[in-house]
Amino acid sequence: MMRSADLFREAKKVIPGGVNSPVRAYQSVGLEPPFIAKAKGARVYDEDGREYIDYIGSWGPMILGQADQRVCNAVMEAAKDGLSFGAPTAREVEMARLITKMVPHVEMVRMVNSGTEAVMSAVRLARGATGRDKIVKFSGCYHGHSDPMLVKAGSGLMTAGVPSSLGVPEKAAEDTLTAEYNDLSSVRELFERYTGEIAAVIVEPVAANMGVVPPEKGFLSGLREICDQSGALLLFDEVITGFRLSKGGAQEYFGVRADLVTFGKIIGGGMPVGAYCGSRALMETVSPTGKVYQAGTLSGNPVAMAAGLAQLKILDGHPEIYEHIDNLAQRLENGLQSLVEKYRIPASVTRCGSLCCLFFREGGVRNYPEAQQCDTALFARYFKGMLRRGIYLAPSQFEAIFIGDAHTESDIDKTLQAADETFAEMKA
Ligand code: PLP
């Protein structure tokens, strides 16, 4: 009997779709998910005893690898002193200090419990601080599941937001304007049409929720200029890119300043954490110093802070980690590119730092409409071949490949060997 299959059957009786987050259900690849029993370093192990090379890394946070001893020890130490107090602690101060030291232009930090919560709170702050209601987001960028962020450009640019989920009132979405990633003119058009009404532009500095789409040269700095000219705030959602592209995240990597920055899972080292950050002047508009209300029983949780602090201190003290993960990602990119050419697969590889993607579309991908042209059926065949060969990729064309410090050159080479065999099978 397959234990994962049994568990999935049982799960579907008591959890919607058997999962606590939809992508885990493997629907888009037509399979059932392996249930994960444990993980160590760059490996995950399922309930049936199969071992995989892990390229999900819990969707980003496990940048040091799974069950890192230093992070686990910090968690166990903290747990001995209590799991939650709902009161100020020394670790929160240390965490905020470390983030302000590592990330440029950040003077104050408010901890929350997820990326969704970080974005939701930062958007409220942007609206409260500017006295404006409208937010510009980019189609294909994901910012968590709060109502105003669950919007895509349903009928093209320049339209008021159309909710992409049942249960989101049109009114909650009507102030969300959608522009095209890597297209400054689409942003300018919105600013011309809604002069003086736009509170913020929110962007994933590297779009990593429609596959991986790096910003073209001038795109992020162009957003900065537009915001400066119009009095809108620039909000970098760094839930994926923060502490991954570099110690200081995308602001440091691309040399572009953001007014507000959101972080998520990576600053929790695997525990549920998020944060939003910015200048003192902006952040002090949040309660209790200011009139923008935001709160949380478990915010700054001592065990989560211990895990996050341990991870961030290691990243801060070991710049060679970034060299290692970027080099491995480059090795994967080059290898996949050669195989795509060898087998004439209609696909292209994108990469930024340690984030990679194999898009089943020729000619690269620079925005959401192009991402949507990918051959998802071909991706599903590729995914199945890789999973069978022990490569644990995200079960969707529109997710990133995450490389971490625990990966080795030999892991990458094994992965390329699996891709070689999979492509050969697909061509047969
Ligand atoms: N923002 C970005 C860029 C994300 O990638 C995600 C999740 O992957 C979120 C926000 C939401 O974070 P969470 O899933 O922790 O709520």
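Which residues are closest to the ligand? Some notes to help you find your way around this predicted model:

1. Start at the ligand. The closest residues are Ser114, Gly115, Thr116, Gly144 and Val239, out of 16 that surround the ligand. Helix H4 (residues 115–130) supplies the largest share of this shell, with three residues. Sorted by class, the shell has eight polar, five nonpolar and three charged residues.

2. Now step back to the domains. The assignment splits the protein into domain 1 (3–67 + 319–427) and domain 2 (69–317). Their C-alpha centres are 25 Å apart.

3. Next, look at where the domains meet. On the domain 1 side, 28 residues are in contact with 30 residues of domain 2. Helix H11 (320–342), strand E13 (348–352), strand E14 (355–359) and helix H12 (368–372) each bring at least two residues to that side of domain 1. E14 gives the most, with four. By class, this side of domain 1 has 19 nonpolar, seven polar and two charged residues.

4. Then there's the largest nonpolar core, with 135 residues. Ala126, Ala200, Val201, Leu235, Leu260, Ala275 and Cys356 have the most contacts inside it. Helix H10 (residues 302–317) is the top contributor to this core, giving nine residues. The core lies between domain 1 and domain 2, because both give residues to it.

5. For a close-up of that core, try Val201, one of the residues with the most contacts there. Apart from neighbours within four places in sequence, Val201 is in contact with Val136, Val187, Leu223, Cys227, Ala232, Leu234 and Leu235.

Definitions and conventions: Residues are numbered from 1 along each chain as its sequence is written. This is a predicted model: local features need pLDDT of at least 70, side-chain atom pairs count only at pLDDT 80 or more; totals for chains, interfaces and linings use all residues. A nonpolar core is a set of buried Ala, Val, Leu, Ile, Met, Phe, Trp, Tyr and Cys residues joined through C-beta atoms within 7 Å. A residue is buried if 20 or more other C-beta atoms lie within 10 Å of its own, exposed if 12 or fewer, and partly exposed in between; C-beta atoms are placed from the backbone. Domain bounds come from an automatic or database domain assignment. Two residues are in contact if their C-beta atoms, placed from the backbone, lie within 7 Å. A residue is near a molecule or strand if its C-beta atom, placed from the backbone, lies within 6 Å of it. Ala, Val, Leu, Ile, Met, Phe, Trp, Tyr, Cys and Pro count as nonpolar, Asp, Glu, Lys and Arg as charged, and the others, Gly among them, as polar.
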